[in-house]
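Hi,

Here is the structure I promised to pass on. Have a look at it first, and my notes follow underneath.

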Amino acid sequence: MLKLLQIASLLVLAAAVACFSAWRYFRGGAWWLAVVGALLAYAALLSSFFLGSPDAWHKKGLQFVFEFALSTETRAALSLVVLLGITAYLCVLIYKALPAYTSYYEVRVFEKVDLPANYQVGAKVTVHSRTDGLTHQETVGDDGAAIFRTLKVPTTLTYQLEVISAKPPFVTGDNDKIERLPGLLSIDVAAIPDEKRMPLEKNFIKPTIHVIPRPANYLLNVDERGDKILQSGNAPWGVPQADLVVNRLGYVLGYDLERKLPRWVAYSIGPTEQRIPRTQKFLADPAIASDKQTSVSDYGGSGYDRGHMISPADLFFKGPVTVQEAFYMSTVTPQTPWLNRRLWRDLEVRVRDAVQSWQQPAFVIAGPLFIKPQGDPRFEFETIGEGRIPVPTHFFRIMAMKKSDQSIEAFGLIAPNVKDGKIELNDYAASIDEIEKKSGLKFFPLLDPHVAEIIKTGLKIPW
């Protein structure tokens with residue numbers, strides 16, 4: 001009987017240590033200290049019996065505790081009762097420390113800061129979740145908090161706080177890991193270091209192009225994911241059809257599930273002097289099934305680059321969340337090194353320079369083309385990777401900009417996916433009508449039809 005009481009006391013003691021650790025965890029304390037202490041005590045116990053000298057002080061201490069608490073049935077029974085009481089009390093503390101169940105994640109901006117009282121109200125908090133690959137955006141309310149109700153956990157969040165009313169306005173961002181709901185992220189804006197405060201440009205609030213109301217057949221029967229509100233900031237004229245449409249803060253993605261490539265990517269570019277370090281790696285897109293997208297290994301030894309349909313530098317003016325979104329494999333296609341590193345790169349730089357020079361945001365849509373040579377019915381597209389990813393023969397890019405007189409200027413370009421060629425961009429100019437015929441897509445579906453017809457037939461490069 002004595003032996004059973006001794007074993008039971010030791011087991012309850014271990015349970016008490018575990019309960020104490022759990023209580024500290026829910027209180028936000030250093031729960032691991034109890035575990036480390038228990039392991040050290042266990043190590044001391046083993047060393048006293050197997051390695052220590054009979055006269056060692058810690059062995060004498062352990063013998064004293066054993067004789068005092070567990071040497072007889074009465075003492076062992078009393079020790080067991082005491083340990084059970086302590087464990088029960090710790091269980092009560094754990095229950096009280098458990099967070100109340102909610103279905104939201106709260107991002108709270110501290111109220112006592114070195115800025116005006118209305119500083120937090122109206123600020124926008126944006127989070128990008130690695131679990132679903134989607135952007136979630138909420139406005140900070142009167143209580144200083146933004147509430148997110150559609151997050152899937154556990155996940156890693158890239159968050160971004162945009163404050164327009166501050167002087168100067170700024171955007172800041174970082175990462176946060178959450179394991180469960182509810183969670184609380186507190187942002188003390190007074191403690192944000194200067195190097196993380198990115199001043200927003202005066203044109204950060206993007207103007208909209210006059211559009212017709214969203215018709216009932218717009219993106220009919222399309223699997224559309226993400227917040228539809230975000231689409232207006234990236235493609236206010238609307239987007240073409242696709243198997244899957246993903247709305248993100250940085251861009252709208254139209255995806256081709258059969259080819260496992262983007263059908264098109266639509267986004268806006270704004271004037272900015274900001275630079276965000278490019279440290280991200282290419283990742284699988286969580287919003288798309290893994291067997292429906294390419295992997296980095298598909299490009300290994302293929303002779304083709306992972307060609308961005310949206311350059312991360314195009315998104316600097318929107319903050320760190322969008323730059324991270326630009327590294328999903330769903331946004332890249334096989335491009336020859338010449339096209340990716342020379343012609344396409346030159347085009348991206350030219351567009352950014354134009355936006356910066358004119359101080360007006362531009363709206364861009366780009367994607368791959370698969371054009372078969374005429375008179376060759378047996379032609380087959382080249383493929384790469386084990387998943388037999390088809391290699392595009394050409395790429396298109398369209399830019400539209402609203403000018404100061406409220407008119408819309410747009411131009412298009414079709415670039416061949418070849419190993420070498422001319423760098424002069426005017427040689428690749430194409431009307432939007434021509435791009436529609438070669439791609440099978442319909443651009444500007446929400447733009448006034450008369451205006452759309454005018455800009456689609458023009459053939460002009462703005463430099």
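Is W237 buried or exposed? With a relative accessible area of 2%, W237 is buried. Before going further, keep in mind that this is a predicted model.

**Aromatic rings**

W237 is a good place to start, as it belongs to one of the 7 aromatic pairs in the structure. The ring centres of W237 and F444 lie 5.3 Å apart and the planes meet at 90 degrees, so this pair is edge-to-face. The cut-off for that label is an angle over 60 degrees. The two partners come from distant parts of the chain, 207 residues apart: W237 is in the loop between α5 (231–234) and β10 (244–247), and F444 is in the loop between α9 and α10 (449–457). F444 counts as buried too, at 4% relative accessibility. Add F363 and you have one aromatic cluster made of W237, F363 and F444.

A further edge-to-face pair is F370 with F381, at 5.3 Å centre to centre and 85 degrees between the planes. Here both residues sit in the loop between β15 and β16 (383–384), 11 residues apart. Both F370 and F381 are buried. F370 also has a charge for company: the charged end of R259 sits over its ring, 3.9 Å from the centre. You'll find a similar arrangement at W344, where the charged end of R397 sits over the ring, 5.9 Å from its centre.

**The sheets**

There is an open sheet of 8 strands with mixed pairing, and its order is β9-β10-β11-β12-β15-β18-β19-β20. At the edges are β9 (223–225) and β20 (429–430), each of which pairs on one side only. Inside that order, β15 (residues 362–369) and β18 (residues 394–402) run antiparallel and share 8 bridges. One partnership to check there is L369, whose bridge partner in β18 is H394. Helix α9 (residues 432–439) packs on this sheet, touching β12 (261–269), β15, β18, β19 (408–416) and β20. The direction of α9 makes about 45 degrees with that of β19.

Another open sheet has 3 strands in the order β4-β1-β7, again with mixed pairing. β4 (145–148) and β7 (183–187) are its edge strands; each has a single partner strand, so one side of each is left without a neighbour in the sheet. Ignoring direction, neighbouring strands in this sheet are turned by 15 degrees against each other on average. β1 (residues 105–109) pairs with β7 in the parallel sense over 5 bridges, and V109 stands opposite I187 in β7.

**Two helices**

Helix α1 (residues 2–26) passes a simple length check. Its 25 residues at 1.5 Å each should span 36 Å, and the end C-alpha atoms are indeed 36 Å apart, so the two agree. The buried residues of α1 are L5, Q6, S9, V12, A16, C19, S21 and W23.

In helix α8 (residues 337–358), look at L343. L343 is buried, with a relative accessible area of 1%. Leaving out residues up to four places away in sequence, L343 touches W338, A415, K422, I423, L425 and Y428. The C-alpha atoms of L343 and E424 are separated by 8.3 Å, although the two residues are 81 apart along the chain.

Over to you!

Definitions and conventions: Residues are numbered from 1 along each chain as its sequence is written. This is a predicted model: local features need pLDDT of at least 70, side-chain atom pairs count only at pLDDT 80 or more; totals for chains, interfaces and linings use all residues. Side-chain values use heavy atoms; hydrogens and water are left out. Helices (H or I, at least four residues) and strands (E, at least two) are DSSP runs, numbered from the N terminus. The expected span of a helix is 1.5 Å times one less than its number of residues. Buried means under 20% relative accessible area, exposed over 50%, partly exposed in between (1.4 Å probe, protein chains only). Two strands pair if DSSP finds at least two bridges between them. Contact means heavy atoms within 4.5 Å. Axes are lines fitted to C-alpha atoms, for helices over the stretch in contact, and angles run from 0 to 180 degrees between N-to-C directions. Rings of Phe, Tyr and Trp (its six-membered ring) pair if their centres lie within 6.5 Å; planes under 30 degrees apart count as stacked, over 60 as edge-to-face and the rest as tilted. A charge sits over a ring if NZ of Lys or CZ of Arg is within 6 Å of the ring centre and within 35 degrees of the ring normal.
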